[in-house]
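Student: Please take one part of this structure and go through it closely with me, working outward from there to whatever it touches. I would like the cut-offs spelled out as you reach them.

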Amino acid sequence: MAFKVEQALHMVGGGGETSYATNSRLQEKAIYRTKPILETAIAAMYRTLHPERMVVVDLGCSSGPNTFLLVSEVLGIVGDLRRRLEQKPPEIQFFLNDLPGNDFNNVFRSLERYEKKMEEEKGDLLVPHYVVGVPGSFYRRLFPCNTVHFFHSSYSLMWLSQVPQGLESEQGVLLNKGNIYVAENSPPQVAKAYQEQHRRDFSTFLKSRYVELSIGGGMVLTFLGRKNKHPADGELSYLYGLLAEALNAMVSQGITSEDKVDTFNLPVYGASMQEVTAVIHDEGLLDVEQAQTFESNWDPFDDTDDDDIVFDNVLNGKNVAKCLRVVFESLIAHHFGDAILDELFSRLAEKVARHLLKEKTKHTVLVIALKKKA
């Protein structure tokens, strides 16, 4: 699977049953959950800079109803601030960024409906704003120096720029056979390869954003991570392990080949807070204003806080499988072909359902607010 992620990755577009637009409640809940951190960061930047023109960027915007959530939140925060401070509202330029395969057509078809709704709700109180799409990988420069006041990214920084290097021995032997992520039986070299790729990518990300941020500018980053020290002990490892089990069962039945599974490794990484803050501190470019973790049920439609109650494990399994499908479908189809998709995610739903009878597992979510150093 030797290709750069941006060449194959995109969330499932459109508005159908298996689209990201229909199956992105996990991400929606995270945006609402992190609103207080966003409000604090935006308010601090606004009070410091009092910009007449403000640039806000959403990195990894995807498509569907979540796309304009950040736009709505920022407009509300800035609108309240300027009224309290009795100031003229700034003009805000929003840039929505994602990889070139993203369904930008759906985004901008939805923009007119969104704008009309906002005008009806806010009227003359609506802050002047403009929305533009920016295709491209955030693991390189996207904007001119010192031009962006605020970056936001939700659930996008778990992606790596490529499948980690070093998953083969010097003799060309595959090290992660039967697995698609860091698993309990993965050799130590596999975890090391993932950790090093994450460090390189996150370092590149921070350096790029530092150059693009104006003095006093900031970021709020939210991504799936883990609580435990070793990558194989994270909740994502459990979940992706179930997906690997489904693929291996299809190998045993001749539906796909063993070689296909052995050469497939997910270009994602669930970092710990310690790993993330270590890279930030090593780069020395941004100050950590806030760093928090929270948990979110695997099933995004399960809003209960109880760690033991599973009301409908079969429905939970189907919901979790749909969430994973909209995220990984493009990569799986690129490597295995699209003929296996329905069968694969049906099997995954069954495996998740059985797992949830034994343990109600939750995602660990990391949230970090950063500010550019002077």
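Tutor: Let me start at Y155, which is buried at a relative accessible area of 6%; buried here means under 20%, exposed means over 50%, and partly exposed lies in between, with a 1.4 Å probe and protein chains only. This is a predicted model, in which local features need pLDDT of at least 70 and side-chain atom pairs count only at pLDDT 80 or more, whereas totals for chains, interfaces and linings use all residues. Residues are numbered from 1 along each chain as its sequence is written, and side-chain values use heavy atoms, with hydrogens and water left out.

Y155 sits in the loop that runs between β4 (148-154) and α5, where helices (H or I, at least four residues) and strands (E, at least two) are DSSP runs numbered from the N terminus. The backbone of Y155 has a phi near 65 degrees, a positive value in a residue other than glycine. S62 offers another case of a positive phi outside glycine, with a value near 55 degrees; S62 belongs to the loop between β1 and α3 and is buried at 3% relative accessibility. That loop, between β1 (53-59) and α3 (69-84), also holds N66, which counts as buried at 8%. Leaving aside neighbours within four places in sequence, N66 is in contact (heavy atoms within 4.5 Å) with Y20, S24, Q27, E28 and I31.

Back in the loop between β4 and α5, we find Q165, and this residue is exposed, with a relative accessible area of 51%. Residues up to four places away in sequence aside, Q165 touches A193 and Q197. Q165 and Q197 are 32 residues apart in sequence, yet their C-alpha atoms are 7.4 Å apart in space.

Q197 itself is found in helix α5 and is buried, at 2% relative accessibility. Its contacts, apart from neighbours within four places in sequence, are L160, S161, Q162, V163, P164 and Q165. A further link across the sequence is given by P267, 70 residues from Q197 along the chain, with the two C-alpha atoms separated by 9.4 Å.

From here we can follow α5 to a helix that packs against it. Helix α5 (residues 188-212) and helix α8 (residues 273-283) pack at an angle of about 50 degrees, and their axes are 10 Å apart. This makes α5 oblique to α8, since angles under 35 degrees count as roughly parallel, over 145 as roughly antiparallel, 65 to 115 as roughly perpendicular and the rest as oblique. The axes are lines fitted to C-alpha atoms, for helices over the stretch in contact, and angles run from 0 to 180 degrees between N-to-C directions. The crossing of α5 and α8 is right-handed, that is, the near helix is turned clockwise from the far one by less than a right angle, whereas anticlockwise would be left-handed.

On the α5 side, the contact is made by Q195, H198, R199, F202, S203, L206 and K207, and α8 answers with E275, V276, A278, V279, I280, D282 and E283. These residues divide into 6 nonpolar, 3 polar and 5 charged, where Ala, Val, Leu, Ile, Met, Phe, Trp, Tyr, Cys and Pro count as nonpolar, Asp, Glu, Lys and Arg as charged, and the others, Gly among them, as polar. As background to such spacings, an α-helix has 3.6 residues a turn, so residues three or four places apart point the same way.

Within α8, the buried residues are M273, E275, V276, T277, V279 and I280. The elements that cover them include α5, β5 (213-226), β6 (271-272), β7 (286-297) and β8 (362-372). Just after α8 comes G284, which takes a positive phi of about 65 degrees.

A last point concerns the cysteines. A search of the whole structure finds 0 disulfides, a disulfide being a pair of cysteine sulfur atoms within 2.5 Å. For C323, the closest cysteine sulfur is that of C61, at 18 Å, which is too far for a bond. C323 is buried, at 11% relative accessible area, whereas C145 is partly exposed, at 46%.
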